[in-house]
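The following note sets out numbered remarks on the model, for consideration alongside the coordinates. It takes up confidence, then strand pairing, then one residue outside the strands.

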Amino acid sequence: MSSKKTIIIEEVNGKAYCYMCTHVVDARVLVAGRYVETKPGQRCPRCQASLNAGSVMEAAKAA
Ligand SMILES: [Zn+2]
């Protein structure tokens with residue numbers, strides 16, 4: 001009998017807010033339950049700043 005909880009992390013297309021150029025840009029978003037975050041290692045397509053500190057604006061989660 002297993003009591004391990006499995007958290008499924010999904011990678012979806014979403015949008016992240018870039019603090020450097022103050023634009024909302026397309027980004028890959030990781031969704032783990034109700035928790036969402038930008039995928040590490042991405043760069044803003046506009047200003048090449050790291051999106052690691054960006055906040056997710058939108059996650060296109062499949063219902
Ligand atoms: Zn930017």
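1. The model is predicted. Its protein chain has an average pLDDT of 86, and 87% of the residues score at least 70. Confidence in the chain is highest in strand 1, with a mean of 94, and lowest in strand 4 (residues 55-59), with a mean of 84. As a general caution, predicted coordinates should not be read in detail where pLDDT is low.

2. Strand 1 (residues 9-18) and strand 2 (residues 23-32) run antiparallel and are joined by 10 bridges. Two positions may serve to fix the register: Glu11 stands opposite Leu30 in strand 2, and Asn13 stands opposite Arg28 in that strand. In a regular strand, side chains alternate between the two faces of the sheet.

3. The connection between strand 1 and strand 2 is a hairpin with four residues between the strands. Within this turn, Thr22 has a positive phi of about 50°. A reader checking backbone geometry may wish to inspect Thr22 in the turn.

4. Strand 2 also pairs with strand 3 (residues 35-38), in the antiparallel sense and over four bridges. Here Ala32 has Tyr35 of strand 3 as its bridge partner. Two residues lie between the strands of this hairpin, where Gly33 takes a positive phi near 65°.

5. Which strand besides strand 2 is joined to strand 1? The partner is strand 4, which runs antiparallel to strand 1 and is joined to it by four bridges. Within this pairing, Gly14 stands opposite Ala59 in strand 4. The confidence figures apply directly to this pair, since strand 1 has the highest mean in the chain and strand 4 the lowest.

6. Ile7 belongs to the segment before strand 1. Is Ile7 buried or exposed? Ile7 counts as exposed because 7 C-beta neighbours lie inside 10 Å, and the exposed class extends to 12 or fewer.

7. Ile7 nevertheless has contacts beyond its sequence neighbourhood: leaving aside residues up to four places away in sequence, Ile7 touches Ala32 and Gly33. Ile7 and Ala32 are separated by 25 residues in sequence, while their C-alpha atoms are 6.5 Å apart. The two residues touched by Ile7 have been met above, Ala32 as the bridge partner of Tyr35 and Gly33 as the residue with positive phi in the hairpin of strand 2 and strand 3.

Technical notes. Residues numbered from 1 in each chain as written. Predicted model: local features only at pLDDT ≥ 70, side-chain atom pairs only at ≥ 80, totals over all residues. Pairing = 2+ DSSP bridges. pLDDT = per-residue confidence, 0-100. Buried ≥ 20, exposed ≤ 12 C-beta atoms within 10 Å, placed from the backbone. Contact = placed C-beta atoms within 7 Å.
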